Amino acid sequence: MVGRRAYLTNVSTDNRSPLPDRIDSIFKRAREGKALFVNRNVLMPEYVPDRLPFRENQINTIAEVLSPVLHGSKPSNLLLYGKTGTGKTAVARYVLSRLQAELSKGGLTVSYVNTRIAGTEYRVLAEFAHSLGVSIPFTGLSIGEVMGRIFKEIQQKRIHSIFVMDEIDYLVKAYGDGVLYEFTRASDRISPASLSLVGISNDLKFKEELDPRVLSSLGEEETVFPPYTVEELREILRERAMIAFRKGVFSDSAVNLCAAMAGTEHGDARRAVDLIRIAGEVAEREGLQTVDDSCVKRASEKMEHDRVEEALRSLPLQNKIILLAVSRFDTGTNTGEVYLAYNSLSKKIGTEALTQRRVSGILAELDMLGLVEAAVVSKGRRGRTKRIRLLIPQDTFNKTLAEDPTLAATF
Ligand SMILES: Nc1ncnc2c1ncn2[C@@H]1O[C@H](COP(=O)(O)OP(=O)(O)OP(=O)(O)O)[C@@H](O)[C@H]1O
Ligand SMILES: [Mg+2]
C-alpha cells in the first residue's frame with residue numbers, strides 16, 4: 001500500500017518524468033522536418049528498383065529466353081542461380097514486370113510464387129492456379145487434382161504460361177521433385193498451349209536432389225548471378241542512398257563502409273541495403289543530422305545482435321541445453337566437461353540426455369553457426385583436445401534463453 005501511494009505521488013508531482021520530454025522532442029523533430037529519410041520504402045526488402053546496375057547481362061539473357069512467348073511460342077525452362085543477395089529475385093521481378101506490360105494481347109500469363117513463403121506444395125500450386133483464374137479451396141484436394149485443374153485451364157484457354165518459382169530449393173527439399181516432374185512432362189498433354197518454368201535458387205546443391213530427367217528439362221537454360229564486388233556494392237548503395245535520404249545526410253565514407261562490410265563474406269546487396277537502412281534508423285533515433293561511420297558500425301552490431309538472438313531462439317531444445325552447459329564455463333572448457341554439465345542439466349530439466357558422440361556433433365553445428373568456438377588445442381605429449389567457448393555475450397544469451405519456459409528453472 002505504501003509503495004502504491006508513493007507511486008501515485010510520483011506521477012502527480014514529478015515534472016521531470018523522462019517520458020513526455022522524449023516524446024516532445026521526437027514530435028518536435030518531426031514537425032521541424034528534420035527526418036533523415038525522404039523515402040524509407042526504397043530500402044525495404046520487397047522494393048524492386050527501376051534500375052539494376054551490373055545485372056544487364058542477366059536481365060537481357062532472361063528477357064531473351066522468355067521473349068518467344070510474345071509471338072506465341074513456348075520459352076525454354078530456365079534456372080537462375082547465385083548466392084544470397086545477388087539480385088536474383090529483384091532481376092526476375094523486374095523482367096516479369098516488363099514482360100507483363102507487353103502481355104496486353106491475352107493468351108499469355110506470367111505467375112510468380114516464392115515457394116518458401118507459400119510454405120507447402122499445396123499452397124504453391126494453389127497460388128499458381130489463382131493467378132490463372134482457377135479457384136482452389138484452402139485445403140482438401142489432392143496434389144494431382146490441383147495439377148489436373150491447372151493443366152486443364154492452360155489447355156482449354158490455349159495459354160502460354162510462365163511460372164516462376166523463387167527459392168525453389170525449399171520446395172524440393174521439403175517435398176521432393178514430384179511436382180516439377182509433372183510440370184516438365186506436361187507439354188504433350190497441354191499442347192498447343194504451353195507451360196515454362198523459371199526456377200530460382202541460392203543453393204547449388206539442390207540440383208543433386210533432382211531426378212536427372214527433371215534436371216535436364218528444368219535446366220535447359222541457366223543464368224548465374226555472381227556476388228557483387230565491393231565497388232559494385234558501393235555504386236548500388238550510392239544510388240539507393242540518394243533517393244532514400246535527404247541530400248547530404250548519408251556521407252560518402254559511410255556508404256563506402258557499408259559496401260566494404262557487406263562485401264566481406266560475399267558481395268551481398270541485401271546486407272548492404274539493410275545496413276544503410278538500419279544506420280539511418282540509428283542516426284534518426286539518436287537525433288543526429290547525418291549518418292556517419294559510427295552509425296554504420298552500430299547498425300552492423302545491431303544486425304549481428306539480432307542475428308544471434310534469432311539463431312538462438314530457433315534452436316532445438318537439446319542444442320539450447322548444450323549451449324547452457326557450455327555457458328557454465330566462463331573461460332572455456334573441453335568436450336568431456338561440457339558433456340558432464342549437459343547431463344546434469346538434462347536431469348534437472350527432465351529431458352533424456354543424448355550420447356556424447358551426438359553432443360560432439362551438435363557442438364560442431366553450433367560452431368558453424370558462430371555461437372560457440374570449438375578450437376582444437378594441443379596438450380603437448382598428451383595429444384590434442386577441443387577447447388569449447390561460448391561466443392555470445394552472456395546478457396544476450398541469458399535474456400534469450402530465459403524466454404524458453406522449459407529452461408526457466410536453470411536460470
Ligand atoms: N544490381 C542491383 N541494384 C540495386 N539493388 C540491388 C541489385 N541487386 C540486388 N539489389 C537489392 O539487394 C537486395 C537483395 O536482392 P535480391 O532479393 O534480389 O537477392 P536474391 O539474390 O534474391 O537473394 P536470396 O537468394 O537470398 O533470395 C534487394 O533489396 C535488391 O533490391
Ligand atoms: Mg531472392
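In this predicted model, Phe-54 sits in the loop that connects helix 2 (18-31) with helix 3 (56-66). Its phi is near 70 degrees, a positive value in a residue other than glycine. With a relative accessible area of 31%, Phe-54 is partly exposed.

Glu-167, in the loop between strand 3 and helix 8 (168-175), likewise is not a glycine and has a positive phi, of about 50 degrees. Its relative accessibility is 24%, and Glu-167 therefore counts as partly exposed. Positive phi values are also found at Arg-158, just after helix 7, and at Gly-380, in the hairpin of strand 7 and strand 8. The table collects these residues.

| Residue | Place | Phi |
|---|---|---|
| Phe-54 | loop between helix 2 and helix 3 | near 70 degrees |
| Glu-167 | loop between strand 3 and helix 8 | about 50 degrees |
| Arg-158 | just after helix 7 | about 55 degrees |
| Gly-380 | hairpin of strand 7 and strand 8 | near 65 degrees |

The backbone has a further feature at Ser-191 and Pro-192, which are joined by a cis peptide bond with omega of about 5 degrees. Pro-192 belongs to the loop between helix 10 and strand 4.

Helix 7 covers residues 143-156, 14 residues in all, and reaches 20 Å from its first C-alpha to its last, close to the 20 Å expected at 1.5 Å a residue. Buried residues in helix 7 are Val-146, Met-147, Ile-150, Phe-151, Glu-153 and Ile-154. Viewed down the helix axis, the buried residues fall within an arc of 160 degrees, so they line one face of helix 7. Gly-144 and Gln-156, on the other side of helix 7, are exposed. The partners of the buried residues are helix 6 (121-131), strand 3 (160-166), helix 9 (178-185), helix 10 (187-190) and strand 4 (194-201), against which they pack.

The protein is divided into domain 1 (32-46 + 229-307), domain 2 (56-225) and domain 3 (315-410). Between the C-alpha centres of domain 1 and domain 3 there are 36 Å.

Ser-300 lies in helix 15 (residues 293-313). Its relative accessibility is 15%, and since buried means under 20%, Ser-300 counts as buried. Neighbours within four places in sequence aside, Ser-300 is in contact with Met-261, Arg-271 and Leu-275.

An open sheet is formed by three strands in the order 6-8-7, with antiparallel pairing. Strand 6 and strand 7 are at the edges with a single partner strand each, so one side of each has no neighbour in the sheet. Helix 18 (residues 356-368) packs on this sheet and touches strand 7 and strand 8; the direction of helix 18 makes about 110 degrees with that of strand 7.

Strand 6 (residues 333-334) is joined to strand 8 (residues 384-390) by two bridges, and Asn-334 stands opposite Arg-387 in strand 8. Seven bridges link strand 7 (residues 372-378) to strand 8. In this pairing, Glu-373 stands opposite Arg-389 and Ser-378 opposite Arg-384. The hairpin of strand 7 and strand 8 has five residues between the strands.

Technical notes. Residues are numbered from 1 along each chain as its sequence is written. Chains are lettered from A and ligands numbered from 1 in the order in which they are written. This is a predicted model: local features need pLDDT of at least 70, side-chain atom pairs count only at pLDDT 80 or more; totals for chains, interfaces and linings use all residues. Side-chain values use heavy atoms; hydrogens and water are left out. Helices (H or I, at least four residues) and strands (E, at least two) are DSSP runs, numbered from the N terminus. The expected span of a helix is 1.5 Å times one less than its number of residues. Buried means under 20% relative accessible area, exposed over 50%, partly exposed in between (1.4 Å probe, protein chains only). The arc is that of the directions from the helix axis to the C-beta atoms. Contact means heavy atoms within 4.5 Å. Two strands pair if DSSP finds at least two bridges between them. Axes are lines fitted to C-alpha atoms, for helices over the stretch in contact, and angles run from 0 to 180 degrees between N-to-C directions. Domain bounds come from an automatic or database domain assignment.
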